Amino acid sequence: MDEKNTVSVIVYGQEYTLSGSMPREYIMKLADHLDAKMKEVGTGSSEPTSKIAVLAGMLVSDEYFKEAENVDELLSANSQLDANAKNYEKMWNEVKTNFAQYQDQMANLSTLKENVQQYASEKEAQVENLTAELEQEKKYNNELRNRIEGLIAQQKAQEGIPTEAQRHIEELENRCRDIESSFFDIQMENIHLKNEIETLRGRR
């Protein structure tokens, strides 16, 4: 059981003996506050002490309810701050997650860029090789044409050409057609590779 404290206080010029479980200093503080309010209300007034006490009580009650409203407002504001803090924390976590995803995407793009550059370099090397092969085929084709033209000239200069020579001319003509066909295929492949390289360069 709490120990009772008995305190003598003076309120509005009258002495009262109060008893309660509250600390002695707190009881005196309450009495001083009420005394100040009664003096505030009763100064220059001829009203009886009981009415002044009621008016002072009303004034104290008004202060209490205003303070209670302030407390409620502070609690509401604190709840809003807690909600905002949680929302900001959620947003911050989302930002960190998005940033981590962005870093992963940048790393993937860097790897993809390296792969594209390597692929483009390989295609450029293929184009160079095909160009060299094309030049060789053109050179060989020109040589065959010259030989065929020489044989045709010999044929025209003679009345008849042995069967073996005629067969050789036909083989050369067939070889020439094959080379021309191969030359065309190489040109088409070269064009395709160049277009592919331009497309890859446009992605960088």
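**View 1. A salt bridge joins Lys66 and Asp62 in this predicted model.** The closest N and O atoms of Lys66 and Asp62 are 3.3 Å apart. Both residues belong to helix α2, and four residues, about one turn of the helix, separate them. Lys66 counts as partly exposed because its relative accessible area is 48%. Asp62 is likewise classed as partly exposed, with a relative accessibility of 34%. As background, side chains of opposite charge can pair when their charged atoms come close.

**View 2. Glu135 and Lys138 form a salt bridge in helix α2.** The N to O distance between the two side chains is 3.9 Å. A salt bridge is counted here when a side-chain nitrogen of Lys or Arg lies within 4 Å of a carboxyl oxygen of Asp or Glu, so this pair qualifies. Glu135 and Lys138 are three residues apart, about one turn of the helix. Glu135 is partly exposed at 44% relative accessibility, and Lys138 is partly exposed with a relative accessible area of 35%. By the rule applied here, the count for the structure comes to six salt bridges.

**View 3. Lys37 takes part in a network of salt bridges with Glu40 and Glu63.** Between Lys37 and Glu40, the closest N and O atoms are 3.6 Å apart. These two residues both lie in helix α1, which spans residues 24-42. They are three residues apart, about one turn of the helix. Is Lys37 buried or exposed? Lys37 is buried, because its relative accessibility is 11% and the limit for that class is under 20%. Glu40, in contrast, counts as exposed, at 51% relative accessibility. Apart from neighbours within four places in sequence, Lys37 is in contact with Ala56, Leu59, Val60 and Glu63. Glu63 thus appears both among these contacts and in the salt-bridge network.

**View 4. Lys123 is a buried residue without a salt bridge.** Lys123 is placed in helix α2. Which side chain of opposite charge is nearest to Lys123? The nearest is Glu196, at a distance of 4.1 Å. The pair is not counted as a salt bridge, because the cut-off requires the nitrogen and the carboxyl oxygen to be within 4 Å. Glu196 nevertheless touches Lys123, as do Leu193 and Ile197, when residues up to four places away in sequence are set aside.

**View 5. Five nonpolar residues make up a patch on the surface.** The members of the patch are Phe99, Tyr102, Met106, Leu109 and Leu112. Together they have about 520 Å² of accessible area. One of them, Leu112, is located in helix α2, which covers residues 49-157. Leu112 is classed as partly exposed, since its relative accessibility is 47%.

**View 6. The rings of Tyr64 and Phe65 form an aromatic pair.** The structure holds one aromatic pair. The ring centres of Tyr64 and Phe65 are 5.3 Å apart and the ring planes stand at 70°, so the arrangement is edge-to-face. Are these two residues buried or exposed? Tyr64 is exposed, with a relative accessible area of 55%. Phe65 is also exposed, with a relative accessible area of 53%.

**View 7. Val9 is a buried residue of strand β1.** Strand β1 comprises residues 5-11. The relative accessible area of Val9 is 6%, and therefore Val9 counts as buried. Which residues does Val9 contact, leaving aside neighbours within four places in sequence? They are Gln14, Glu15, Tyr16, Leu18, Met28 and Ala31. Val9 and Ala77 are 68 residues apart in sequence, and their C-alpha atoms are 39 Å apart in space.

**View 8. Tyr12 has a positive phi in the loop between β1 and β2.** Most residues other than glycine have a negative phi. Tyr12 is not a glycine, yet its phi is about 55°. The loop that holds Tyr12 leads to strand β2, which covers residues 14-20. Tyr12 is partly exposed, because its relative accessible area is 23%.

Methods. Residues numbered from 1 in each chain as written. Predicted model: local features only at pLDDT ≥ 70, side-chain atom pairs only at ≥ 80, totals over all residues. Heavy atoms only, no water. Patch = residues over 30% accessible without salt bridge, like charges linked within 9 Å, V, L, I, M, F, W, Y side chains within 5 Å. Areas by Shrake-Rupley, 256 points an atom, 1.4 Å probe, with all protein chains shown as cover. Buried < 20%, exposed > 50% of the residue type's maximum accessible area, 1.4 Å probe, protein only. Lys, Arg positive; Asp, Glu negative; His and termini not counted. Contact = heavy atoms within 4.5 Å. Phe/Tyr/Trp six-rings, centres within 6.5 Å; stacked < 30°, edge-to-face > 60°.
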